Amino acid sequence: MPNPTTIENNDLAVTVLPGGGHIAAIRHKATNVNPLWTPPWTSIDPVTFNPKANPEFGDGCDARLLAGIMGHNLCLDIFGGPSAEEEGAGITPHGEGSVVNFDVTKSKDKLTMKAHFPLAQISFERRIELHGAAVRITESAESLVAFDRPIGWTQHVTLGPPFLENGKTQFRASATKSKVFEGEFGADAYLVAGTEFDWPLAKRKDGAWMDMRVMNIYPKSSAYTAHAMDQSKEHAFFTAWQPSTKLSFGYIWKRADFPWLGIWEENHSRTGTPWNGKTLTRGMEFGASPFPESRKESVERGRMFGIPTFRWLPAKSKLHVEYWAVLQQSDEPIESLTWPS
């Protein structure tokens with residue numbers, strides 16, 4: 001990890017990276033497990049990335065992002081790829097939030113991360129506080145321009161080994177109406193593209209049903225599904241549970257802030273650099289948009305299942321969000337989370 005900063009208490013140790021602002025690890029001390037994904041390649045600070053000097057991260061527009069990605073990364077002010085014009089202007093997939101430098105200050109069990117997004121003209125701040133085995137996270141995004149604009153804002157929480165295990169790690173979520181990504185999501189996509197379904201059973205290409213509550217057992221697979229959070233509830237959540245350690249790891253957030261949960265699976269499918277067929281991940285990505293797509297595409301989509309697919313950032317204004325990460329040991333999967341007091 002390049003230049004990590006860690007805060008800790010008796011229950012947890014949380015590590016963040018200034019390059020890209022990633023929450024790289026949330027280590028549960030009793031089990032010594034960090035549920036978040038650490039890539040199988042050697043990461044560098046994305047701020048120092050040079051396409052000629054760092055060909056090991058590929059030659060796509062996502063190379064700078066992949067150079068430093070880890071754990072929980074911020075997608076702001078887009079979720080997905082940039083348009084051709086945005087890419088030409090320097091915008092990378094998922095926006096500047098995952099590639100700019102953050103100033104990090106800390107005390108024993110609190111830290112503050114601040115960044116300026118020069119292309120998006122956004123000032124961003126994140127505060128992290130430890131409360132026993134829970135982590136309170138607040139964020140603000142302030143527009144520095146004099147016009148309203150549509151944005152994507154997603155918390156790209158990615159789980160990985162050893163916490164994530166094929167056929168073993170179980171998931172629960174306050175999900176309802178759902179939809180499979182509308183195109184072929186990778187070489188080993190196994191779900192029927194574009195199909196709508198009710199959580200948790202998605203239609204497989206072989207005609208059978210896939211229970212999304214368990215990480216699949218395939219040697220290779222790729223998938224993305226979008227899930228509307230239960231509109232009858234004020235808060236939304238997901239939990240993930242590993243049987244061997246009996247550790248449950250989850251997030252709870254205000255549904256009005258993030259009405260969507262995207263589930264991304266990369267299971268040894270991507271063979272290009274830097275993936276090289278070696279990665280097992282499951283992203284549990286809660287945000288303002290259902291699918292990773294360009295800003296124009298999310299605006300043209302407008303709504304899905306009656307729910308907006310982007311968020312407005314008003315002129316010269318600031319938006320605030322709050323969410324929690326919660327860890328606990330349990331003999332069975334945690335079926336729901338309640339907002340910490």
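These legends go with close-up views of the cores and cavities in a predicted model.

**View A. The largest nonpolar core, built from 63 residues.** If you want to find your way around in here, start with Ile-26, Phe-117, Ile-128, Trp-153, Tyr-251 and Trp-253, the residues with the most contacts inside this core. Strand β23, covering residues 318–329, is the top contributor to the core, with five residues.

**View B. Another core, apart from the largest one.** This one has 23 residues, and Trp-41, Phe-79, Phe-185 and Met-304 are among them.

**View C. The largest cavity, with about 70 Å³ of space.** Searching the whole structure turns up two cavities of 30 Å³ or more, and this view shows the largest. Its lining is made of 13 residues, and those closest to the centre are Phe-79, Gly-152, Ser-289, Arg-295 and Ser-298. Both β9 (149–159) and α3 (295–301) put at least two residues into the lining, with β9 giving the most, three residues. The lining is a mixed bag: six nonpolar residues, four polar and three charged.

**View D. The second largest cavity, with about 60 Å³ of space.** Look for Val-180, Phe-181, Gly-183, Glu-184 and Phe-185, then Ala-189, Tyr-190, Leu-191 and Ala-193, and finally Ser-222, Ala-223 and Tyr-224, which together line this cavity. Strand β15 (residues 221–229) provides the largest share of that lining, three residues. Sorted by class, the lining here comes out as nine nonpolar residues, two polar and one charged.

Terms used:
Residues are numbered from 1 along each chain as its sequence is written. This is a predicted model: local features need pLDDT of at least 70, side-chain atom pairs count only at pLDDT 80 or more; totals for chains, interfaces and linings use all residues. Side-chain values use heavy atoms; hydrogens and water are left out. A nonpolar core is a set of buried Ala, Val, Leu, Ile, Met, Phe, Trp, Tyr and Cys residues joined through side-chain atoms within 4.5 Å. Buried means under 20% relative accessible area, exposed over 50%, partly exposed in between (1.4 Å probe, protein chains only). Helices (H or I, at least four residues) and strands (E, at least two) are DSSP runs, numbered from the N terminus. On a 1 Å grid over the protein atoms alone, a cavity is a set of points where a 1.4 Å probe fits but cannot get out, and a pocket is an open set with protein on both sides within 12 Å along at least five of seven lines; lining residues have an atom within 4 Å of a point. Grid points are joined across faces, edges and corners, and a volume is the space filled by probe spheres set on the points. Ala, Val, Leu, Ile, Met, Phe, Trp, Tyr, Cys and Pro count as nonpolar, Asp, Glu, Lys and Arg as charged, and the others, Gly among them, as polar.
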